[in-house]
Amino acid sequence: MKNKNSIAKHICAALVLGCLFATPAVAEISASEIARLGRDLTPLGGVRAGNAAGTIPAWNGGITRPPSGYSVGEHHRDPFARDRPLFVINAGNLDRYRDRLTVGHQRMLRAYPSFNMPVYPTRRSASAPKRIYDATRRVAATAKLVDGGNGVANSVIGIPFPIPKNGLEVIWNHLLRYRGESVACVIGQAAVTRGGRYTLVKQSIESELRYSLPNMTVEKLGNTMILFKQKTLAPARLAGDIVLVHETINQVREPRNAWTYNPGQRRVRRAPNLAYDNPGTSSDGLRTADQLDMFNGAVDRYDWKLVGKREMYVPYNSYRLHSDRLSFSDILMPLHVNPEHLRYELHRVWVVDATLKRGERHLYKRRTFYVDEDSWQILVADVYDNRDQLWRVSEGHVINYYEKPLIWPTLEVHTDLQAGRYLAFGLDNEFPMCTWDRRLKSRDFTPAALRREGRR
C-alpha cells in the first residue's frame, strides 16, 4: 500500500509539473495597470504625457476628424502643411543627434551624402476608433501568449498587450494592431538600381482584417486573422500573377496557408515557401517575405528581447510623401528616396532586438525594431546579416488615414546598404486612393475564387 501511495504521489507530481510547463504564459497585467489605460496612458498603452524637455507633446486624442475640405476617396490632405523643419540632420552634423538616431540612419547618412533627415515638430496624430480602445481594455485582462509565445489566445479586436512585459508582446501588438476591417488598394513597387533605374510593378491588393472586424469573437476568429490577395497588373511579363494568403495567428501550430495563380500555367498551386526569408513577391530580392508590413508572420525563429523605450527620430506624418501632386519619379532617385519629401519627428518608441535562435536559419541574424508607442506600428528596422554586419534599413513612412482613423505606412522603403539599392513598396501617388469600406466576402479569398479571377 505504501508503495502504491508513493507511486501515486510521484505520478501526481509529474502531472502537476507537466501542466505547469504546458500551460500557456499568461499576460501579467493587473487590474490597477489596466485602469491606467485612458488615464496616464493612452487607450492603447502609450504614455499620455509629453517629455520633460517639451519636445514631445502630450497625446490629446490624435487626429479625431479629417481636415476641412477633405472628401473620402481623395489623397489625404496634410493637416500639418504649415509646419517647417526644425533642423535637418546630415552627414556633417549627425554626431550632434547620434543618440536619437538608429544605427541604420547613422549609416545611411554617412554612406550617402545626398541623404538627409528633415526633422519637424512632433505631432502625436495617432488615433483609432473608440471600439478599438474599448476592446483593448477588455482583452488586456485576458490575452496571453501560448506555445512559447508563438501564438496569442483569448484576444480579439483590441491590442492584446498594451502594457508589454517582453519583446514578444510588443511584436504581437504590431502584428495584431488595428488596420481597418477591409482594404482595397492599387499600389506600385519599385526595385531601384544603384543608378536610379526601375520598372514599376503595379499591384492590386485586397484584404479582410478578420481580427479587427466588429462583433468578431475568439470563437469565430479561430486561428485565421487576415485574408489577403495580391494581383500583379503590370508589367506585362508579370501581369496576372495572383497570391492568396490566409494568415494564421499561431503559425507554428498551423503554418500560413498560401496559394499562387500563374496565368501561363492557368493553375492554382500551394505556396508553402511564401514565408520567412524567402524573397518577397516581385521584390528583386530586396526584401524577404516576412518584411512586408515591416514584419509579418511566424515569430518562432528569433529570441525577442525588449530593450526598452527611447526617444528617436523616426518617419511620421508623411503626408507630403503621400501627395498626389508628386509623381513616382519625384520620389525615386538613386540610392534612396528623395529626402525633400520626407518628414521625421521625435517620438517615443519601444526598441525590440530579435536574435536568430541557435539552430534556426534565416538570412537575417539580427533585427532591431523601433515600434511606435501610440499605434504599435513598426517605424524603423535595422537588419543584420550572418556576419553581424548591418545590411538593410527598413522604414515605414506612416500617416493617419483619418477617415477610419488608423496609422499605417503610405510607403515602405527597404534600403540595401551593401548593394546600394532600395525597394519602395506602396507607391500610390499616381493611383486612386485606397478604399476602406469595400464589401469583401470570405468566399472571395478561396483557391476557387483565385482560379475564377485568373481566368477573367
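# Chat about a predicted chain

Biologist: Let's jump right in. Where does P235 sit?
Modeller: P235 is in the loop between β7 (224-234) and β8 (242-248). Keep in mind that this is a predicted model.

Biologist: What about the peptide bond from A234 to P235, cis or trans?
Modeller: That bond is cis, and its omega is near 5 degrees.

Biologist: And which way does the peptide bond between K404 and P405 go, cis or trans?
Modeller: K404 and P405 are joined by a cis peptide bond too, with omega about 0 degrees.

Biologist: Where is P405 found?
Modeller: In a loop again, this time the one between β15 (390-400) and β16 (407-416).

Biologist: Let's zoom out. How many helices and strands are in the chain?
Modeller: The chain has ten helices and 17 strands. Its radius of gyration is 23 Å, close to the 23 Å from the globule rule for 456 residues, so the chain is as compact as a globular protein of that length.

Biologist: What does the C-alpha trace span along its principal axes?
Modeller: About 85 × 60 × 50 Å.

Biologist: What share of the residues counts as buried?
Modeller: 58% of the 456 residues do. As for the surface, the accessible area of the chain is about 19,900 Å², and carbon and sulfur atoms account for 51% of that.

Biologist: And what share of the contacts joins residues at least 24 apart?
Modeller: 65%, taken among contacts between residues at least 6 apart in sequence.

Biologist: How many positive and negative side chains does the chain have?
Modeller: There are 66 positive and 46 negative ones, and the centres of the two sets are 4 Å apart.

Biologist: New topic, disulfides. How many turn up in a search of the whole structure?
Modeller: Just one disulfide is found. C185 and C434 form it, with an S to S distance of 1.9 Å.

Biologist: Which parts of the chain does the pair tie together?
Modeller: C185 is in strand β5 (residues 182-192), while C434 is in the loop between β17 (421-427) and α10 (447-455), so the disulfide links parts that are 249 residues apart in sequence.

Biologist: Is the disulfide of C185 and C434 right-handed or left-handed?
Modeller: The torsion about the S-S bond is about 120 degrees, so the disulfide is right-handed.

Biologist: Are C185 and C434 buried or exposed?
Modeller: C185 and C434 are both buried.

Biologist: Which residues does S204 contact, leaving aside its neighbours within four places in sequence?
Modeller: C185 is one of them, so to speak a link back to the cysteine we just discussed. The others are V186, K229, Q230, K231 and L233.

Biologist: Which strand is S204 found in?
Modeller: S204 is in strand β6 (residues 201-208). At a relative accessible area of 22%, S204 is partly exposed. The C-alpha atoms of S204 and A184 are separated by 7.4 Å, with their positions 20 residues apart along the chain.

Biologist: Now the backbone. What is phi of I157 near?
Modeller: Near 75 degrees, which is positive in a residue other than glycine. I157 lies in the loop between β4 (151-153) and α6 (167-175).

Biologist: Is I157 buried or exposed?
Modeller: I157 is buried, and its relative accessible area is 7%.

Biologist: And what is phi of D293 near?
Modeller: D293 has a positive phi as well, near 65 degrees, and is not a glycine either. You'll find D293 in the loop between β10 (267-270) and β11 (302-315).

Biologist: Is D293 buried or exposed?
Modeller: Buried, with a relative accessible area of 11%.

Biologist: Last couple. How far apart are A81 and Y319 in space?
Modeller: 8.4 Å from C-alpha to C-alpha, although A81 and Y319 are 238 residues apart in sequence. A81 is in the loop between α2 (31-34) and β1 (87-89), and A81 is partly exposed at 45% relative accessible area.

Biologist: And which strand holds L145?
Modeller: Strand β3, residues 144-146. L145 counts as buried at 6% relative accessibility. From L145 to W172 is 9.1 Å, C-alpha to C-alpha, and the two are 27 residues apart in sequence.

Terms used
Residues numbered from 1 in each chain as written. Predicted model: local features only at pLDDT ≥ 70, side-chain atom pairs only at ≥ 80, totals over all residues. Heavy atoms only, no water. Disulfide = S-S within 2.5 Å. Helix = DSSP H or I, 4+ residues; strand = E, 2+ residues; numbered from the N terminus. Buried < 20%, exposed > 50% of the residue type's maximum accessible area, 1.4 Å probe, protein only. Rg over C-alpha atoms; globule rule 2.2 N^0.38 Å. Contact = heavy atoms within 4.5 Å. Areas by Shrake-Rupley, 256 points an atom, 1.4 Å probe, with all protein chains shown as cover. Lys, Arg positive; Asp, Glu negative; His and termini not counted. Charge placed at Lys NZ, Arg CZ, Asp CG, Glu CD.
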